Amino acid sequence: MTQTTIPFLFMRGGTSRGPYLNRADLPEDHETLSQVLIAMVGSGHPLNIDGIGGGNAVTTKVAMLSHSDHPWADVDYFFAQVSVEDQTVDFKPTCGNILSGVGPAAIEMGLITATGNETIVNIHAVNTGARVIAKVQTSPDGVIYDGDASIDGVPNSAAPVALQFMDTIGGVTGAFLPTGNLIDTFEGIDVTCMDVAMPMVIARAESFGLTGYESAEALNDNSDFFSKMEDVRVQAGEAMGIKNVAKSVTPKFGLLAPARDGGTVATRYFMPWKAHPTMAVTGAQCLASCVLTPNTVAEGLAARSNDRPATITLEHASGQIEVLVDYNLTVDGIDLRSAGLVRTARLLARGEVMIPRKVWSKR
């Protein structure tokens, strides 16, 4: 064989897509693993023409699964964000959309056995330490993918995958408010720096001269905005204690504006160097937490609910996403017990993905 073969499942998870791999089939050290994933995805070309990526950050994501040694979990989920063009891999963040496919993939891989009409999979998100309960629709034959659940950003309906996220506060920085402040100012822009499921820098769209209702394409064409946003993101990320911010996808960036389509608040999410076409599951939890916390940049944009749990509906570039947040208000902000979302997933292909042996040989 002139190439190294690696078994894989190719799945859509939420509004993202990528290979799902057994961690045991991959090199242990991260340096070699990065080179394998870069070759697999085809990073280095805008179309990922020499790999199985899709030319967009939501289609160059990788999930690696294994049996968990965590006393609570069934499966370890290790995530990698591979760049489209820069031939880099970031292991710092996790991805909630890709996580939507972890339960089904674990069953397909034989890491979990399907039980009855619904199989519960306890997932340990290795990158951040979060615990996630996934409820997967199953039958004696395995995972059920057909169903009536729809999510904005995906054209067809599918079986629902219910997710409940726990232990999401401070997964990267160690704090709900990594700077210690509800509002910081960088480059004249007021922001809230928050770490819930994903470290984020959150601002009002109007602070950048935007409405907050722009399409993802219009935002991507706005180079002046991205230049200003990146300056703010890098300074804020450093204040949050995150290293090498300029070369990392964390912290992510989010914009808020008043709702206009019946939701709680309008949002735009950045990956961070392109606008997300929909919304990240992790980002949705952080933005919802910002909306619920008094005296952040979200103050006054939406009526604050006293319900426990609270349903926060985020309007995004392709529709809406609902986050069910179970929380208590505290002196420092909120005590987040869990956040629940419904996503869908679908197995697209299975087989072996090939990488050049010069990149890695299993021998």
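Here, a residue counts as buried when its relative accessible area is under 20%. The views below all come from a predicted model.

**View 1. T267, a buried residue in strand β14.** T267 sits in strand β14, which covers residues 265-270. Because its relative accessible area is 0%, T267 falls under the 20% limit and is buried. Setting aside neighbours within four places in sequence, have a look at what surrounds T267: its contacts are L255, L256, M279, L287, L314, E315, H316 and A317.

**View 2. Helix α1 and the strands it packs against.** Helix α1 takes in residues 30-41. Its twelve residues should span 16 Å at 1.5 Å a residue, and the end C-alpha atoms are indeed 16 Å apart, so the expected and modelled spans agree. On α1, the buried residues are L33, S34, V36, L37, I38, A39, M40 and V41. If you follow these buried residues outwards, you meet their packing partners: β1, β2 (16-22), β3 (61-67), β4 (75-82), β5 (89-90) and β17. Just past the end of α1 comes G42, with a positive phi of about 90°.

**View 3. Strand β17 meets β1 and β16.** Strand β17 runs over residues 333-356. With strand β1 (residues 3-13), β17 shares eleven bridges, and the two run antiparallel. To find your place in this pairing, look for T4, which stands opposite I355 of β17. Strand β16 (residues 319-330) is also an antiparallel partner of β17, this time through seven bridges. Here L329 stands opposite I334 in β17. A hairpin of two residues carries the chain from β16 into β17.

**View 4. Strand β9 pairs with both β7 and β17.** Strand β9 spans residues 160-166 and pairs with β7 (residues 131-139) in the antiparallel sense, over six bridges. The pairing of β9 with β17 is antiparallel too, and again has six bridges. A handy landmark here is L163 of β9: it stands opposite A134, and it also stands opposite L341 in β17. When you trace side chains in this view, keep in mind that in a regular strand they alternate between the two faces of the sheet.

Terms used. Residues numbered from 1 in each chain as written. Predicted model: local features only at pLDDT ≥ 70, side-chain atom pairs only at ≥ 80, totals over all residues. Heavy atoms only, no water. Pairing = 2+ DSSP bridges. Helix = DSSP H or I, 4+ residues; strand = E, 2+ residues; numbered from the N terminus. Buried < 20%, exposed > 50% of the residue type's maximum accessible area, 1.4 Å probe, protein only. Contact = heavy atoms within 4.5 Å. Expected span 1.5 Å × (residues − 1).
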